[in-house]
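You asked for a quick read-through of this one before you start clicking around. Here are my notes, as numbered points, with the structure first.

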Amino acid sequence: MASIKVEENKPIPTLFSPYKLAKFSLSHRVVLAPMTRCRAINNIPNEALTKYYVQRSTPGGFLITEGTLISPTAPGFPHCPGIYTNEQVEAWKKVVNAVHAKGAVIFCQLWHVGRASHTVYQPRGEAPISSVNKPISDRWRILMPDGTTERYPVPRALASHEIPDIVEHYRQAAVNAIRAGFDGVEIHGAHGYLIDQFLKDGINDRTDEYGGSLTNCCRFLVQVVRAVATAIGADRVAVRISPAIDHLDASDSNPLALGLTVVKSLNKLQIDLNSQLTYLHVTQPRYVAYGQTELTRQGSEEEEARLIRTLRKAYQGSFMSSGGYTRELGMEAVAQGDADLVSYGRLFISNPDLVERFKVNAPLTKYVRKTFYTQDPVVGYTDYPFLGNDNVDSKVLARL
């Protein structure tokens with residue numbers, strides 16, 4: 001572990017130090033990262049989701065839901081939950097109420113996959129929408145409802161006049177999330193999905209006001225954040241980005257410049273709104289897609305760390321980081337001030353009591369990758385063991 005420099009007489013923060021996040025008082029800094037799990041049959045949250053999130057809730061803990069669909073055109077995986085119908089809102093209320101009963105805070109991640117979809121997932125079998133009409137390369141495959149994989153189809157580039165309608169979908173989804181009881185929302189602007197398809201110059205070849213310059217490429221994201229923050233309050237809104245990650249061909253010629261432009265745009269927006277966003281969530285370049293293909297690295301690990309630290313120093317607000325963190329790396333990031341909060345994905349799948357295991361430095365249960373995207377409501381979802389405890393929180397579930 002690298003040496004840690006701190007101010008004299010100032011305690012070194014750890015993953016288990018409390019943190020004031022906007023209006024929320026957190027008891028620790030281990031966050032449940034958003035992860036697609038494909039258990040919401042017909043896009044409706046159900047009892048399995050309730051149990052899953054309750055298992056991973058702790059008093060004063062912070063959870064981010066799996067990517068949650070903002071409209072019928074948003075999906076790119078089977079059986080992902082939505083937040084665009086009244087039925088979905090009512091179903092989410094049960095999940096949120098159960099998480100709150102454990103004393104945890106939960107944000108809904110707002111998601112549109114853009115071109116990372118297929119005609120089978122689209123209304124009337126239409127082409128997926130995107131910033132462009134270029135398909136994702138054959139390097140990547142899309143998971144189909146029957147469990148097979150196929151090539152990504154050619155998407156349809158949104159016309160300029162259509163983009164305000166998509167912004168409105170994000171705004172309405174955020175309003176619906178608050179109706180469902182969520183404490184706030186995280187706007188998914190990362191990992192090659194719709195917003196990232198506007199941000200990255202490896203994808204975006206538009207010649208209108210949404211393409212060309214960095215400011216233009218960031219315009220859609222800024223419009224979405226402004227609309228959502230105006231609707232529900234900036235202190236309930238977070239943003240996730242991944243400037244140095246080429247997941248789903250989302251590469252950029254200058255990730256640092258892109259990241260800094262996004263950060264500066266969000267800083268300016270916070271001034272305009274006279275309120276800070278809840279946090280900025282940035283994925284580390286060491287993130288690995290599907291756990292199989294290591295993505296393009298932007299230089300050495302030292303250079304990657306420098307990129308994240310530059311964004312962290314530039315952003316005016318709480319900073320969350322994710323991507324391949326271990327307990328040791330998370331402790332180091334918080335102690336050095338590289339992140340205020342660290343989100344964990346795959347480790348949280350197979351260790352529902354990850355916070356407790358980290359506290360006592362207990363061994364971790366290994367995850368089973370082949371069950372990540374199945375529809376089984378138990379196997380690989382809610383059947384991972386706790387440390388010496390029953391893996392069902394019966395007191396909370398009995399009150400549902």
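1. Which residue of β12 does V239 stand opposite? It is L280. Keep in mind while checking this that you are looking at a predicted model. The pair belongs to a parallel match between β11 and strand β12 (residues 279-283), which is held over four bridges.

2. Now step back to see where those strands sit. Eight strands form a closed barrel, in the order β3-β4-β5-β10-β11-β12-β15-β16, and the pairing is parallel. Going from one strand to the next, the twist averages 25°. The next points follow a part of that barrel, strand by strand.

3. Start with strand β5 (residues 105-111), which runs parallel to β10 and is joined to it by four bridges. Two partners are handy for finding your way: F107 of β5 is matched with G184 in β10, and Q109 has E186 as its bridge partner in β10.

4. On to strand β10 (residues 184-189), which is linked to β11 by five bridges, again in parallel. Here V185 has V237 as its partner in β11, while I187 stands opposite V239. That makes V239 a good landmark, as it also stands opposite L280 in β12.

5. How many of the six residues of β10 are buried? Six of the six are, so the strand is largely enclosed by the rest of the structure. Side chains in a regular strand alternate between the two faces of the sheet. In β10, G184, E186 and H188 point one way and V185, I187 and G189 point the other way, and all of them are buried. Notice that E186 and H188 are on that list, with E186 being the partner of Q109.

6. β11 (residues 237-241) tells a similar story. Five of its five residues are buried, so this strand too is largely enclosed by the rest of the structure. Both faces are covered, with V237, V239 and I241 on one side and A238 and R240 on the other. R240 is the residue I'd click on here: it is among the buried ones.

7. What lies across β10 and β11? Helix α6 does, running at about 160° to β11. An angle over 145 degrees counts as roughly antiparallel, so α6 and β11 fall in that class.

8. α6 (residues 219-232) also has a helix partner, α3 (residues 163-179): their axes come within 9 Å and cross at roughly 35°. The crossing is right-handed. On the α3 side the contact uses I163, I166, V167, Y170, R171, A174, V175 and I178, and these meet F220, Q223, V224, A227, V228, A231 and I232 of α6. By class, that is 13 nonpolar residues, one polar and one charged.

9. A second helix pair is worth a look. The axes of α1 (residues 47-55) and α2 (residues 86-101) come within 9 Å and cross at roughly 20°, so the two helices are roughly parallel to each other. This crossing is right-handed. α1 brings L49, T50, Y53 and V54 to the contact, and α2 brings W92, K94, V95, A98 and V99. The tally here is seven nonpolar residues, one polar and one charged.

10. Stay with V54 of α1 for a moment. Is this residue buried or exposed? With a relative accessible area of 1%, V54 is buried. Its C-alpha atom is separated by 7.2 Å from that of K102, a residue 48 positions away along the chain.

11. Finally, two backbone oddities to check by eye. A22 is not a glycine, yet its phi is positive, at about 55°. A22 sits in the loop between β1 (19-21) and β2 (24-26), and at 32% relative accessibility it counts as partly exposed. L248 is the other one: phi is near 60°, a positive value in a residue other than glycine. L248 lies in the loop between β11 and α7 (255-273), and with 1% relative accessibility it counts as buried.

Note on methods
Residues numbered from 1 in each chain as written. Predicted model: local features only at pLDDT ≥ 70, side-chain atom pairs only at ≥ 80, totals over all residues. Heavy atoms only, no water. Axes fitted to C-alpha atoms, helices over the stretch in contact; angles between N-to-C directions. Parallel < 35°, antiparallel > 145°, perpendicular 65-115°, else oblique. Left-handed = near helix turned anticlockwise from the far one by under 90°. Contact = heavy atoms within 4.5 Å. Nonpolar A, V, L, I, M, F, W, Y, C, P; charged D, E, K, R; others polar. Buried < 20%, exposed > 50% of the residue type's maximum accessible area, 1.4 Å probe, protein only. Pairing = 2+ DSSP bridges.
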